[in-house]
There are 2 protein chains.
Amino acid sequence: MSFNPLIERIANTQNPTVVGLDPRLEYIPEFIKESAFDELGRTLSGVSRAFHNFNMAIIDAICDIVPAVKPQSAFYEALGAEGILALQATCDYATARGMYVILDGKRNDIGSTAEGYAEAYLGKVAIDGEEFQPWQVNALTVNGYLGTDGIVPFVKACDKHDKGIFVLVKTSNPSSGELQDKLIGDKSVYEIMGELTAKWGNESIGKYGYSAVGAVVGATYPAQIAELRKKLPATFFLIPGYGAQGGTAADLKAAFDGNGLGGIVNSSRGVICAYKQEQCDERDFAGAARRECLRMRDDLMSEIGSINLP
Amino acid sequence: MSFNPLIERIANTQNPTVVGLDPRLEYIPEFIKESAFDELGRTLSGVSRAFHNFNMAIIDAICDIVPAVKPQSAFYEALGAEGILALQATCDYATARGMYVILDGKRNDIGSTAEGYAEAYLGKVAIDGEEFQPWQVNALTVNGYLGTDGIVPFVKACDKHDKGIFVLVKTSNPSSGELQDKLIGDKSVYEIMGELTAKWGNESIGKYGYSAVGAVVGATYPAQIAELRKKLPATFFLIPGYGAQGGTAADLKAAFDGNGLGGIVNSSRGVICAYKQEQCDERDFAGAARRECLRMRDDLMSEIGSINLP
């Protein structure tokens, strides 16, 4: 239970960041595409192979300096079962290289179906008594619109299998406020979702002070990050929206506690497409990803100072 | 655009219902399990094969009297890529048998990733100019917590590819009110989500008066169904919660307009596990499913009267 394994990796690397593995065909260097297409054709299998090879190279280049990866399920689902094979293989490979894996699926459903998702991604699947684990995932993003009975099955799986979830609280997109900022009495919807998140995590607070039920809070809303950090002292934050979407290191400082803990900041395109930004040889795409990870780490750590396990 | 194809199937069958294909290993008759396990072992592949064979038999038994099926993605994702193969094959088979396919995935993400989901499930995937369609799906359930920029990509895909979405408005589970019933000024969160849903569908109203952006409204909340039908005259409802969860035909009558249109009622376990309820020979599981579909149709139609295309 709790995010202890993630927090320890963050402290070991002195790097509170996660790299979003959100491949799209236009992000993949030509030589990787051509090699996969030569083998499997310009097919869904060929693209899946290209995504997998791309991801493995990125993971190899960053696994000693970055604690976690966050594959975005949408881009793999888009390729059907072939894409899911690439997603599973990516999770397996990141796990084997010692990284913490956050699957970004934003899953949500009513109780019995939420159990299905929870068992799938955070637990094990039993077939006549024998257990299988198709998904090597440490944490999953979830959507709490359905309320407690849609979340409790995930929390139970976290407790049982030492996993975590991140509930969408205040998302990074421009129209997130349309519902999330509306006031219910004197509290906003995201505040209420934040309070529910804290309540759901209340029984799973680990030795570093954070529960297994984290919150997604967008880097694009620094005032809300500061407010939520104060109100939710035991809730770990997954923070998208740094870089491309506009969030800066200074905006994010308030997410972190006195030990430099409390959040993990995501960058997807900024890292995996760094070779385009750098305009370097595309064969150096993984090197460019590593350089961007180091730049981002230094940028954030210049605000945070250092990360210490209490 | 719009739900015209669904509405026409409903009128043709005089049956406003959808069968939820939510297989779990304990629902599958022994002879189907054994046959799949003999071929592929007690493995994720074996279970996936059993799910696929089970679904095909149910589809064969009901496709002339039921307009639509709704596979629940969670139970297939639980088996990894093998399960996704079974889900794709189920969607393909239902499509080939003339059924309308609603994929229950409750997907949601910010703009660029929502595009990924929308292209995947409702559109086509382009690989260097050639188009692939890994998913034979007519409609997808989505979660609107992220606001307009998380939904518009789905609406665009609906317009382009003649598909539909159902936005979670008032879900059928016991704790749905925790957030959804809270008041923002004098309106509940579900009412505001309902208004947003109507707004998102405003440009896609079809010849039968309903847009391509429907709403999920639980059968377990009849007062809210009646209220939302009045406020959202162009929003088609997907209604879970009939039967096992407690919703009755009388509870649902208010979802339908004067032509008997406006909603489609889901039953999952009630149909696919009807053979257990009936305690008939398990080899007659598909026959039992058909009998339950006829019973449910007659139950609903006794309240609705008849269904007429305006």
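This section describes the symmetry, the nonpolar core and the aromatic contacts of a predicted model.

Two copies of a chain are related by a rotation about an axis and a shift along it. In this model, chain A is superposed on chain B by a rotation of 180° with 0.0 Å of shift along its axis, and the RMSD of that superposition is 0.0 Å. Such a relation is that of a two-fold axis. The same surface serves both copies, in that 99% of the contact residues of chain A recur in chain B.

In soluble globular proteins, nonpolar side chains tend to be buried together. The largest nonpolar core of the model holds 232 residues, and the members that touch the most other members are A:Ile62, A:Tyr145 and A:Ile165, together with B:Ile62, B:Tyr145 and B:Ile165. When residues up to four places away in sequence are not counted, A:Ile62 touches A:Val19, A:Val69 and A:Met99, as well as A:Ala289, A:Arg290 and A:Cys293.

Aromatic pairs number 16 over all chains. One of them joins A:Phe54 and A:Phe285, whose ring centres lie 5.1 Å apart with the planes at 15°, so this pair is stacked, the angle being under the 30 degrees that serve as the limit. The two residues come from distant parts of the chain, 231 residues apart: A:Phe54 belongs to helix H3 (residues 44-62) of chain A, whereas A:Phe285 belongs to helix H14 (residues 285-304) of chain A. With a relative accessibility of 0%, A:Phe54 counts as buried, and A:Phe285, at 3%, likewise counts as buried.

In chain B, the rings of B:Phe3 and B:Phe236 have centres 5.8 Å apart and planes at 40°, and the pair is therefore tilted. This pair also links distant parts of its chain, since B:Phe3 lies in the segment before helix H1 (4-13) of chain B and B:Phe236 lies in the loop between helix H10 (222-231) and strand S11 (237-239) of chain B, at a separation of 233 residues. Both B:Phe3 and B:Phe236 are buried. In chain A, one aromatic cluster is formed by A:Phe3, A:Phe166, A:Tyr210 and A:Phe236.

Charged side chains are also placed over aromatic rings in chain B. The charged end of B:Lys170 sits over the ring of B:Tyr221, at 4.0 Å from the centre of that ring, and B:Arg229 lies over the face of B:Phe237, with a distance of 4.0 Å to the ring centre.

Technical notes: Residues are numbered from 1 along each chain as its sequence is written. Chains are lettered from A and ligands numbered from 1 in the order in which they are written. This is a predicted model: local features need pLDDT of at least 70, side-chain atom pairs count only at pLDDT 80 or more; totals for chains, interfaces and linings use all residues. Side-chain values use heavy atoms; hydrogens and water are left out. Copies are superposed by least squares on the C-alpha atoms of residues with pLDDT of at least 70 in both. Contact means heavy atoms within 4.5 Å. A nonpolar core is a set of buried Ala, Val, Leu, Ile, Met, Phe, Trp, Tyr and Cys residues joined through side-chain atoms within 4.5 Å. Buried means under 20% relative accessible area, exposed over 50%, partly exposed in between (1.4 Å probe, protein chains only). Rings of Phe, Tyr and Trp (its six-membered ring) pair if their centres lie within 6.5 Å; planes under 30 degrees apart count as stacked, over 60 as edge-to-face and the rest as tilted. Helices (H or I, at least four residues) and strands (E, at least two) are DSSP runs, numbered from the N terminus. A charge sits over a ring if NZ of Lys or CZ of Arg is within 6 Å of the ring centre and within 35 degrees of the ring normal.
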